[in-house]
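Me: I should like a close look at the largest nonpolar core and then at the parts of the chain connected with this topic. Which residues have the most contacts inside that core?

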Amino acid sequence: MPELPEVEALREFLDAHAVGRVLERAQPTAVNVLKTYDPPLTALEGGMVTAVARHGKFLDLTVGDLHLGVYLARAGWMRWQDALPEAPPRPGKSPLALRVRLSADGDGPAPGFDLTEAGTQKRLAVYCVTAPAEVPGIARLGPDPLAADFTRETLAGLLEGERRQVKGFLRDQGVLAGIGNAYSDEILHAARMSPFKPAARLDAEDTDRLYAAIQDTLREAVERSRGVAAGQLKKEKKSGLRVHGRTGEPCPVCGDTVREVSFSDSSLQYCPTCQTGGKLLADRRMSRLLK
């Protein structure tokens, strides 16, 4: 799933390649991708892209007086093309969900991007709205952990009275915007903290370590992604992860074996030596915790 660093890199890419161009056509090929109908998607056509913003894991393109919101979900992605095919896309069984055609430079080919989604769950979502807050997922977002006003005291306030385990706390988009399964594993590894530690039990030192790990992990990931072509961001993300997705491999910090806890629809990875005092965490495959 694209998380804050990858979506921020896509935002920067679109800011450099799409801003200043006219959106000539937005063509959905999957019936379930469009989540709003008033204004219609065709209302974007003829409008100039003037800005690209990120709200958590959402992309937000300002097009004329409207906004094109994109949520890539677990298996969605954006593929930029300097020269789109002339033939319009057709609905079918391909991963393509939406094609956006932009104005060309002079007599050159028309560039643009495709939104694609692998798998069968089909959660990628596109919105045409007059303001970003009209998108329910954006309206409920918590603070952005990379915003200038997100301080250690902000984090401490969010932790007060929190009853969940720290892994679930980090993944809740209504608490913190943009952190998902992968980077919550990375943050907790950097903080040397068990994913099952109750958030309410974090003392001042724990909070200091968690805040530093959030800042360092996300900023380093954003910096690694900066300037990487959109099509290479997934590979870049995987190469930079220390424990997530690396079950059975040695921890890059201590050399212990990275372990996994499986759930009904996801898994987490951790290092016992770095995070749990050597204790192996019980498998939670049938648990509903941390969803």
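Reply: Inside the largest nonpolar core, which has 35 residues, the most contacts belong to Leu14, Leu41, Leu68, Met78, Leu115 and Val126. A nonpolar core here is a set of buried Ala, Val, Leu, Ile, Met, Phe, Trp, Tyr and Cys residues joined through side-chain atoms within 4.5 Å. Buried means a relative accessible area under 20%, exposed means over 50%, and partly exposed lies in between, computed with a 1.4 Å probe on protein chains only. The model is predicted: local features need a pLDDT of at least 70, side-chain atom pairs count only at pLDDT 80 or more, and totals for chains, interfaces and linings use all residues. Residues are numbered from 1 along each chain as its sequence is written, and side-chain values use heavy atoms, with hydrogens and water left out.

Helix H1 (residues 4–17) gives the most to the largest core, namely five residues. Helices (H or I, at least four residues) and strands (E, at least two) are DSSP runs numbered from the N terminus. For Met78, the contacts beyond four places in sequence are Leu10, Phe13, Leu14, Leu72, Phe113, Asp114, Leu115 and Ala230, where contact means heavy atoms within 4.5 Å. A second core, separate from the largest one, has 27 residues and includes Val175, Ala191, Ala199 and Val222. In soluble globular proteins, nonpolar side chains tend to be buried together.

Leucine 210, a residue of helix H6, is buried at 0% relative accessibility. Apart from neighbours within four places in sequence, leucine 210 touches Leu155, Val166, Leu170, Ile187, Leu188, Ala191, Met193 and Leu202.

Helix H1 also leads to the sheet, since H1 lies across S2 and S3 and runs at about 175 degrees to S2. Such angles run from 0 to 180 degrees between N-to-C directions, with axes fitted to C-alpha atoms and, for helices, over the stretch in contact. The open sheet consists of four strands in the order S2-S3-S4-S8, with antiparallel pairing. Two strands pair if DSSP finds at least two bridges between them. At the edges are strand S2 (49–55) and strand S8 (125–129), each of which pairs on one side only. On average, neighbouring strands of the sheet are turned by 20 degrees against each other, direction ignored.

Six bridges join S2 and S3 in the antiparallel sense, and alanine 53 has aspartate 60 of S3 as its bridge partner. Threonine 62 also belongs to strand S3 and is buried, at 17% relative accessible area. Beyond its neighbours within four places in sequence, threonine 62 contacts Met48, Val49, Thr50, Ala51 and His67.

Aromatic rings are a further feature of this region. The structure holds three aromatic pairs, a pair being rings of Phe, Tyr and Trp (its six-membered ring) with centres within 6.5 Å; planes under 30 degrees apart count as stacked, over 60 as edge-to-face and the rest as tilted. Phenylalanine 58 and tyrosine 71 form a stacked pair, because their ring centres are 4.8 Å apart and their planes stand at 25 degrees. Phenylalanine 58 is in strand S3 (residues 58–63) and tyrosine 71 in strand S4 (residues 66–71), so the pair ties together parts 13 residues apart in sequence. Phenylalanine 58 is buried, at 7% relative accessibility, whereas tyrosine 71 is partly exposed, at 23%.

The loops also contain points to note in the backbone. Proline 39, in the loop between strand S1 (23–28) and S2, is joined to aspartate 38 by a cis peptide bond with omega of about 5 degrees. Alanine 73, in the loop between S4 and strand S5 (76–81), has a positive phi of about 55 degrees although it is not a glycine. Alanine 73 is buried, at 4% relative accessible area.

Finally, the cysteines: the whole structure holds zero disulfides, a disulfide being a pair of cysteine sulfur atoms within 2.5 Å. For cysteine 271, the nearest cysteine sulfur is that of cysteine 254, 3.4 Å away, and cysteine 271 is buried at 0% relative accessibility. The sulfur of cysteine 274 has its closest cysteine sulfur in cysteine 271, at 3.7 Å, which is too far for a bond. Cysteine 274 is buried as well, at 6% relative accessible area.
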